[in-house]
Amino acid sequence: MSRVVFVNGEYLPYENSKVHIEDRGYQFADGVYEVFAVIDNKLADYDAHMSRLLRSLSELNMKLPYSKKSIFFHISNIVKHNLISNGLVYLQISRGVASRDFKFPNNTKSSLIIIGKNMSLDEHTNAFDKGINVSTTRDLRWKRVDIKSLNLLAPVLAKQAAYEKNCQESWLLDDDGYITEGSSSNAWIYRDGTLITRPVSNSILNGITRSTLIRGLKKRKIKYKEAKFNLDDVKKSSEAFITSATQHVMPVVRVNSIKIGKGVPGPRALDFSAAYMESLKLTEL
């Protein structure tokens, strides 16, 4: 749990942090967010996350409420105030506070919150060593999931459905039965010597971890391709993975009742993880 948070220009104890009841993020999910990994007291792929944040804001006709330099300063302070060595920083921007009306308000200042927390390296290592289970469900999200918006009810329901099946993630199926991505991650399979993930489009979020892994695969000359895949392809795969800012590269050992490979992380898991870690761009705080 975060000890100190940043809310609209103030550093506050976690238990005293509040936003206005008519903040449009609360009433309409009218806003965007980013999750930054903290690794060994450094921010992972900070510039790439900020570029995506600016793109998301632009797509919703919103502006950054602080300068990029100020935002970096406040993120750094949250990491330091919360003594985060390895963990995450969550940053959220909404359109701000206004009387409830679907139309954009005039002259409203956007709201900015920043939260940080530590994450256990042992917990991540244990999950990596065992691999995770995944279930599937229909992709019920809106048609602009390339924007990292606060519109997360469908992923919440998908994640809960996975949890109730003793799974750690849910893979989402489009109307043609192809896997788009996870509820909070990108999806990958390894088949016939090639790592495969869905191409970038409005149907998926272009994950920063996804992009970093691809950069690492190129450096190591590991074969990969961007292509759609379905559950029949999953059955024929020897390994599978998810990627995200918090999970990095995480092996998947079961999808529904389909055992992946031998049901344990495969021999390429460490290679793909290393390719990702080698290509990370770490920013000193």
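Strand 13 (residues 239–244) and strand 14 pair in the antiparallel sense over 5 bridges; two strands count as paired if DSSP finds at least two bridges between them, and strands (E, at least two residues) and helices (H or I, at least four) are DSSP runs numbered from the N terminus. The model is predicted, with pLDDT of at least 70 needed for local features and 80 or more for side-chain atom pairs, while totals for chains, interfaces and linings use all residues. Residues are numbered from 1 along each chain as its sequence is written, and side-chain values use heavy atoms, without hydrogens and water.

The link between strand 13 and strand 14 is a hairpin with 3 residues between them. Within this pair, isoleucine 242 is opposite methionine 250 of strand 14. Strand 14 itself covers residues 248–255, and 7 of its 8 residues are buried, that is, under 20% relative accessible area with a 1.4 Å probe, protein chains only.

Strand 14 also pairs with strand 7 (residues 132–138), in parallel, through 3 bridges. Here valine 134 faces valine 255. Valine 255 has a further bridge partner, isoleucine 258 in strand 15. Strand 15 (residues 258–259) runs antiparallel to strand 14 and is joined to it by 2 bridges. The hairpin of these two strands has 2 residues between them, and asparagine 256 adopts a positive phi near 55°.

For the whole chain, the secondary structure amounts to 8 helices and 16 strands. Of the 285 residues, 49% are buried. Contacts, meaning heavy atoms within 4.5 Å, join residues at least 24 apart in 72% of the cases where the residues are at least 6 apart in sequence.

Key: Buried < 20%, exposed > 50% of the residue type's maximum accessible area, 1.4 Å probe, protein only.
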